[in-house]
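Q: Could you take a close look at one part for me, the interface, and then follow the side-chain contacts away from it? Please give the cut-offs as you go.

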Amino acid sequence: MEYVDSLTGFRLDGRRPNDMRQIRGEIGVVAKADGSALFEMGNTKVIAAVYGPREVQNKGQQINNQALVRCEYSMANFSTGDRTRRPKGDRRSTEISLVIRQTMEACILVHLMPRSQIDIFVQVLQADGGTRSACINAATLALADAGIPMRDLVTSCSAGYLSSTPLLDLNYVEDSAGGPDVTVGILAKTDKVTLLQMDSKLPIDIFENVMQLAIEGCKAIAQYIREVLLENTKLLESRKGL
Amino acid sequence: MLQSKSFAKKTKQGRVIKVVREHYLRDDIYCGATFCKVCDTSAARLSASASATILIVDTNVVLNQIDLLENPKIDDVVVLSVVLEEVRHKNLSVYNRVKALCTNPLRKFFVFSNEHHRDTYVKDMIGESPNDRNDRAIRVAARWYQSHLGESTQILLITNDRENKKRATEEGISAETVESYVKSLGKPDLLDLVVLSSSVDVPMEDVEDLRPSKKKIIYSEHKPMSEVTSGLLHGIYHQGKLRVNRYNPFEAYVGSESISEEIVICGRANMNRAFHGDIVAVELLPQDQWRDGKSLIIDDDDDDEEEVHLVPNSADDVPRFENPVQPMSGSSPPVSSHPPGRVVGIIKRNWHSYCGSLDPMPMPAGNAGVAHALFASKDRRIPKIRIQTRQLGNLLDKRIIVAVDSWDCLSRYPSGHYVRTIGQIGDRDTESEVLLIENDINSRPFSSQVLACLPPLPWSLSLEDLANSNREDLRHLRVFSVDPPGCKDIDDALHCKPLGNGNFEVGVHIADVTNFVLPGTPLDEEASQRGTSVYLVERRIDMLPKSLTEDICSLRSDVERLSFSVIWELTPDANIVSTRYTKSAIKSCAALSYVEAQARMDDSRLMDPLTTDLRNLNSLAKIMRLRRIKRGALTLASPEVKFQIDTETHDPLDIGMYQIREANQMIEEFMLAANISVAEKILKHFPLCSLLRRHPSPTKEMLEPLLRTAAAVGLDLDVSSSKALADSLDRAVGDDPYFNKLIRILATRCMTQAIYFSSGDLSPSEFSHYGLAAPIYTHFTSPIRRYADVIVHRLLAAALGISRLPPIFMDGPQLTSIADNLNYRHRNAQMASRASVELHTVIFFRNRPTDTEARILKIKSNGFIVFVPKFGIEGPVYLVAKDKGSSDWAVDEAHQKVTKAGTKITYGILQTVRIHMEVVEPQPNRPKLQLTLIS
């Protein structure tokens, strides 16, 4: 299958190889949570809710010099085309939960909140490839909304390599092609990588190009997230009458 | 820049699911006109002048008139992405041709992706069929072009769809049919390329009176697709590929999976307009019609003559079962155990263009007008094709290419159109060209992009090459090559050095082609497409450009060359102590021919170091060969014919069998050993992506003809394994020296073909090579003329850590498709060389009627197939004149004998007969070699 049209240079959905899908972020979608956000990358739609910092529920897990970060990833039954019942805590979601937790832990200033707990819940409402990245982006927004101190904004984006072309932000069709799929998470300002995963294999020089493309994507998302946060802050300002 | 619009689509994958995909519309898609002031013109391909006419074609125009579009006189064409997509779904080969047009820098074809353009995207309307929607999209795009480029430019929508044309005109778009557009150009030769759609086909009626039964329905209607599908599902119909008998075009076979036997289809009426290679649905005839096939043959057609077939038919193109129906002139009813059938529907057409000539016909009054002619393909399995032409006078004595367009049930012959002329009939170059085209061999000169990848001449070994730590300097070794006389592309050389401990160091040095052919370059792509060099009798079609094959890579004597070496340490009884692989630089000291090498070895007075090396190698090779044969390697034989060609006229002067000497076997032995060593090495490093070569064991059915022949001459062959077969072939010594060779030739025909494959696709147990009795095998030793070897060189270099593995090897399906292409090219190259031999045989015997001895290979009721050992020719000898009905010859199938009733004249299989050979031309433009018995 041709994922990049050799004559027009367009991908199947009309994007160019280094185009991202349309992204959208919204803050404060779950009133009960301390912080929440909705994040869309094309047809991938993810909701994140953050509780904390709060008292550690299971005292045995309490860490004396830093906060405990917990994360739970799940996919809504209706998130894919055919409605299937998924067991909670299958391998895939456990793995993604862990990935998101580690990525977020790397940027939360956990030492400022000893003996407390931060819960991050992310759920995929609609899946169309790149859920991992979308979850991290949503979690970042939600953490910021909850006012949890962070080093920087973590953003994530994926890139792949199909039809001998590096492609930014794979959608479901491209993702299921079985080619290499690099997911990168970076701290946008400090340019530090907090997450790097890849399926399949790539020669090293091509890998560098693909990763560079993913980093560009991360930076664009960071830019957008910053705008969303800024807008949100302005809104809060005006509500407070400042 | 991004505009998103998602749309819902339902697809069926067993069940209905809703698929939602994003569809981005953009504003940065350019119109492709070089004169456009608004758009970015960097990628523009269309005309530079604003007053030009820009054509927009619809799907059916592309599908049906691709030959017209390929004509360089048609230019400034916009191909919309919606059209391209539809073409791709309907006909992949046409799609590839359009794609080639759109990427050809010489042609002004531009792909406009209207589906992603903000202004030309159309949403589906409720109740609108996909076809109507696409037509609307085309009209919208045409209108956009008109308004975008302004009034001075004429946008012309080319469509043969009346409805579409009418609507376009209503919407203010100028639209024309193909015929009227081409007519307006005023170029008669273009008109021949136009495929007439059946609805406009009025003048066709004129010619119909040539045929008496004009209005009669000749063929039964094909069943609708829905009925065929359900019939297949219920087992009433059987699906399979139609293979027409190459000896008798009125008989075909369909091998179907739903029925274990092959279905035989007799007569054109039962074939019901199916072509060779079509995927068809077949219905079995009722029992009472099982012997009815004969009458159908007779009322059908006129030409039932027989083509000389010199060529050993490879196991995959003859019917898999021995054919009891007479392949020569259907003179007796089929006494077949195969169920006869009838084609009810065609699932997939295998139509392409065919080479051939027009049947001679008188010039119609007024030469300027349209003439109808019958085209006879060179491939006898293809029926005659009716074409219309305006240049009949020009075409009558030419070989031409014709494409098939349609075949309706009122017409005895399919109709087609002229594509192009190859040249004068009978001219050797034309006929060679024909056989290249028939075998899909690209003989065009290399493009400038390809030639740009070559290192400049004169090339010499540079210091950089020597400084490379991966390259060993072996120039001090006494390396030499042994090849056929006159060989210019020398890709292998050897050396042999006695070591202090009594062992020998033997090296096989192969031209380092991959040093010059780098992955991903146009040169590499071209070579991978060509796959192999093709050797015809009078010329060679190279896989790589000449400067590489004959100079830079060729390991000629007394020049320094780069090579890839396999070096063994062998004990005197040819056991491998160690194997070493390295890139190297060598300097060959002698380029010997087989004859020279043999003469040196045989001349006991010669004691020079080179001759000693040769003798050492030869004694090692003999041991290796013996060991290999003990393991069960087959020594097969094929009649390889050698022509002596006149250097001036290129006409064949003499013809004879190729002689195999000890020196040939010596070289072969070391090449086999190198290939096996390399196969082991690359498989160890890359178990999932090595390119290997396997030779599947023949099945019982395939060996059946061999066993039957052997039994008839009282020979007992054990075919349980390759070892058993090899042993019993060795034991098969008859009363004359040629007997064993004949049996071996017959055995060779029963074998499957060896094929390339990617090691990731099969399990290790399937890797084995039956003929060589080797567990794994690959091709490493001829990178100049085979692309497989180039791939293996890259794998070996990567295994040694010299270079990185190109990314293509990571891509399993792509590697498989490369292997498939290599197999295809390899087979075609073989077919082409055989056809070339056949052609030259006919040229040779044209003025030399000859009497000679022949051996009977196969017994038929009205004759037998003979093999002429002296010339390697195979052909039929008739015992019964063709026009006579039943014969008075009785066939004894079990003993493979044919006896004349009432006499004692008997011919048995493998018997020697004397025959007379002569070139005759029973049908115009189809000269053939006729063999007759001298009694």
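A: Here is the interface, followed by the salt bridges, one polar residue and one helix.

Some conventions come before the details. Residues are numbered from 1 along each chain as its sequence is written, while chains are lettered from A and ligands numbered from 1 in the order in which they are written. The model is predicted, so local features need pLDDT of at least 70 and side-chain atom pairs count only at pLDDT 80 or more, whereas totals for chains, interfaces and linings use all residues, and side-chain values use heavy atoms, with hydrogens and water left out.

Chain B sets the scene. DSSP runs give chain B 26 helices and 37 strands (helices are H or I runs of at least four residues, strands are E runs of at least two, numbered from the N terminus). Of the 935 residues in chain B, 53% are buried (under 20% relative accessible area; exposed is over 50% and partly exposed lies in between, with a 1.4 Å probe and protein chains only). The accessible surface of chain B is about 41,400 Å², with 52% supplied by carbon and sulfur atoms (Shrake-Rupley method, 1.4 Å probe; for residues, only the protein chains shown count as cover). Taking contacts in chain B between residues at least 6 apart in sequence, 68% join residues at least 24 apart (contact means heavy atoms within 4.5 Å).

Now to the interface. The size of an interface is often given as the accessible area lost when the parts come together. Here the area buried between chain B and chain A is about 2,000 Å², and carbon and sulfur atoms give 55% of that (the loss on being put together, summed over both parts, with a 1.4 Å probe). Chain B brings 23 residues to the contact and chain A brings 24 residues. The rule finds 4 salt bridges across the interface (a Lys or Arg side-chain nitrogen within 4 Å of an Asp or Glu carboxyl oxygen). One of them pairs R804(B) with D205(A), 3.3 Å from N to O. In addition, 8 residue pairs are in polar contact between the chains, both residues being at pLDDT 80 or more (N or O atoms within 3.5 Å; within protein, one able to donate a hydrogen and the other to accept it, and residues adjacent in sequence counting only if both atoms are side-chain atoms).

On the chain B side of this contact, strand 2 (15-25) and helix 4 (92-103) each supply at least two residues. Strand 2 of chain B gives the largest share, 6 residues. By class, the side of chain B that touches chain A has 11 nonpolar, 5 polar and 7 charged residues (Ala, Val, Leu, Ile, Met, Phe, Trp, Tyr, Cys and Pro are nonpolar, Asp, Glu, Lys and Arg charged, the others, Gly among them, polar).

Over all chains, the salt bridges number 55. R21(A) takes part in one with D128(A), the closest N and O atoms being 3.8 Å apart. R21(A) sits in the segment before strand 1 (23-27) of chain A and D128(A) in the loop between strand 5 (116-126) and helix 2 (131-146), so the pair ties together parts 107 residues apart in sequence. R21(A) also meets D169(A) in a salt bridge of 3.0 Å, N to O. D169(A) is in the loop between strand 7 (165-168) and helix 3 (172-175) of chain A, 148 residues from R21(A). Relative accessibility is 2% for R21(A), 9% for D128(A) and 1% for D169(A); R21(A) is buried, as are D128(A) and D169(A).

In chain B, R825(B) and D440(B) form a salt bridge of 3.7 Å, N to O. R825(B) lies in helix 26 (residues 812-845) and D440(B) in the loop between helix 14 (428-438) and helix 15 (448-452), so this pair joins parts 385 residues apart in sequence. R825(B) is buried at 16%, whereas D440(B) is partly exposed at 38%.

Q197(A), in strand 9 (residues 192-199) of chain A, has side-chain polar contacts with E95(A) at 3.0 Å and with R132(A) at 2.5 Å.

Lastly, helix 3 (residues 81-90) of chain B has buried residues including V82(B), L84(B) and V87(B). The buried residues of helix 3 of chain B pack against elements of chain B, among them helix 4 and helix 5 (130-149).

Key:
Buried area is the accessible area (1.4 Å probe) that two parts lose on being put together, summed over both.
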